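Biologist: I'm new to reading protein models. Could you walk me through this one, feature by feature?

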Amino acid sequence: MAYVIPAPPQAVVPVAGSTDLFPVHRNYCVGRNYEEHAKEMGFSGREPPFFFAKPADALLPVADGTGVMPYPPATSNLHHEIELVVAIGRRARNVAAADAPACIWGYAVGLDMTRRDLQGEAKKLGRPWEVGKAFDFSAPISALVPIARTGEIKSGRIWLKVNGQTRQDSDVSKLIWSVNEIIEHLSRFFELAPGDLVFTGTPEGVAAVVEGDVLEGGVDGVGTLRVRIGPPEVD
Ligand code: MN
């Protein structure tokens with residue numbers, strides 16, 4: 001037996017301070033999980049968590065230095081969303097929040113890059129969000145740090161600068177639904193598996209970037225992530 005076409009490469013995220021790789025299974029994202037961001041998007045800030053996903057091969061791992069994200073097609077309003085990312089290390093179904101930490105392998109800093117114009121249109125028409133959220137290179141991510149090294153991340157500054165100017169500046173303690181509660185909710189809808197990542201939502205201050213902009217963000221206790229918006233890909 002043989003594959004009839006080349007098998008796609010396994011998506012991976014490097015582990016900080018080592019040559020190890022974390023193989024990625026699925027990539028879940030939480031919508032509107034900081035109150036001030038929910039408000040800036042026109043919502044009350046108090047609603048049950050909801051989820052969407054990005055394909056594993058939409059990740060753009062940036063272990064160190066500056067990653068380059070090509071400016072994506074079909075948008076003129078590319079937004080940054082800095083987020084704490086949680087990596088799942090074991091199978092989990094119907095996990096109680098109190099038991100969630102045992103499912104966490106580690107953490108990273110991520111950017112949930114969003115074609116806001118396409119997402120807005122999809123919302124208005126009651127359509128799925130994929131065209132706004134799940135495009136190639138839409139999920140830059142730092143190296144992963146094992147929870148064994150960080151301890152549980154329940155608070156800590158989360159921030160993003162564009163060209164040196166602060167755009168987002170909040171604290172992980174302001175998550176509407178905590179990491180443990182997110183795992184509880186998600187694991188009711190999906191069986192979580194080793195290799196899953198969860199982008200946990202972004203604080204207020206989302207805004208557009210253009211080609212040439214340099215985004216630098218971080219989560220205290222986890223790390224930093226630096227990405228430059230490059231020219232669009234050409235055939
Ligand atoms: Mn997001």
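Modeller: Sure! Let's begin with a term: a residue is buried when its relative accessible area is under 20%, exposed when the value is over 50%, and partly exposed in between. Also keep in mind that this is a predicted model.

Biologist: Okay, let me try that on a residue. Is Glu 216 buried, exposed or partly exposed?

Modeller: Glu 216 has 29% relative accessibility, so it counts as partly exposed. Arg 226, at 32%, is partly exposed too. I mention Arg 226 because the side chains of Glu 216 and Arg 226 meet in a salt bridge, 3.4 Å from N to O. Glu 216 sits in strand β17 (residues 214-219) and Arg 226 in strand β18, so this pair ties together parts that are 10 residues apart in sequence.

Biologist: What's the general idea behind such a pair?

Modeller: Side chains of opposite charge can pair when their charged atoms come close.

Biologist: How many salt bridges does the structure hold?

Modeller: It holds 13 salt bridges. One of interest is between the side chains of Glu 191 and Arg 93, at 2.5 Å from N to O. Glu 191 is in the loop between α5 (179-189) and β15, while Arg 93 is in the loop between β8 and β9, so the pair ties together parts 98 residues apart in sequence.

Biologist: And how open to the outside are Glu 191 and Arg 93?

Modeller: Glu 191 is partly exposed, with a relative accessible area of 27%. Arg 93 is exposed, at 57%.

Biologist: Which residue forms a salt bridge with Glu 81?

Modeller: Lys 133 does: the side chains of Glu 81 and Lys 133 meet at 3.3 Å, N to O. This pair links distant parts of the chain, with Glu 81 in the loop between β7 and β8 and Lys 133 in helix α3 (residues 130-133), 52 residues apart. Now use the cut-off: buried means under 20%. Glu 81 has 4% relative accessibility, so it counts as buried. Lys 133 has a relative accessible area of 3%, so Lys 133 is buried as well.

Biologist: Can salt bridges join up with each other?

Modeller: Here's a case: salt bridges that share partners join Lys 54, Glu 81, Asp 112, Arg 116 and Lys 133 into one network.

Biologist: There's a metal in the picture as well. Which protein donors does the manganese ion have?

Modeller: The protein donors are Glu 81 (OE), Glu 83 (OE) and Asp 112 (OD), lying 2.1 Å from the manganese ion. Along the chain, these donors follow the spacing E-x1-E-x28-D. Glu 81, in the loop between β7 (78-79) and β8 (82-88), and Asp 112, in the loop between β9 (104-111) and β10 (114-115), are 31 residues apart, so to speak distant parts of the chain that the pair links. Asp 112 is buried, at 0% relative accessibility.

Biologist: So sequence distance and distance in space are two separate readings. Can you show me that with other residues?

Modeller: Take Met 113, found in the loop between β9 and β10. Met 113 and Ile 82 are 31 residues apart in sequence, and their C-alpha atoms are 8.4 Å apart in space. Met 113 is buried, with a relative accessible area of 0%. Another case is Thr 202, in the loop between β15 (197-199) and β16 (208-209). Thr 202 and Ser 170 are 32 residues apart in sequence and 9.2 Å apart from C-alpha to C-alpha. Thr 202 counts as buried, at 2% relative accessibility.

Biologist: What about backbone angles? Where is Asn 94, and what is its phi?

Modeller: Asn 94 lies in the loop between β8 and β9. Its phi is near 50°, a positive value in a residue other than glycine. Asn 94 counts as exposed, at 54% relative accessibility. Asn 163 also has a phi near 50°, and Asn 163 lies in the loop between β13 (157-162) and β14 (165-171). With a relative accessible area of 47%, Asn 163 is partly exposed.

Biologist: Last one: which residues gather in a patch of negative charge on the surface?

Modeller: Asp 57, Asp 136, Glu 233 and Asp 235 gather there. Of these, Asp 235 has its place in the segment after β18 (223-230).

Methods
Residues are numbered from 1 along each chain as its sequence is written. This is a predicted model: local features need pLDDT of at least 70, side-chain atom pairs count only at pLDDT 80 or more; totals for chains, interfaces and linings use all residues. Side-chain values use heavy atoms; hydrogens and water are left out. Patches are made of residues with over 30% relative accessible area and no salt bridge: like charges are joined within 9 Å, nonpolar side chains (Val, Leu, Ile, Met, Phe, Trp, Tyr) within 5 Å. Accessible areas come from the Shrake-Rupley method with a 1.4 Å probe; for residues, only the protein chains shown count as cover. A salt bridge is a side-chain nitrogen of Lys or Arg within 4 Å of a carboxyl oxygen of Asp or Glu. Lys and Arg count as positive and Asp and Glu as negative; His and the chain ends are not counted. The place of a charge is taken as NZ of Lys, CZ of Arg, CG of Asp or CD of Glu. Helices (H or I, at least four residues) and strands (E, at least two) are DSSP runs, numbered from the N terminus. Donors are N, O and S atoms within 2.8 Å of the metal (3.2 Å for Na, K and Ca); water is not among the atoms, so sites may look incomplete. Buried means under 20% relative accessible area, exposed over 50%, partly exposed in between (1.4 Å probe, protein chains only).
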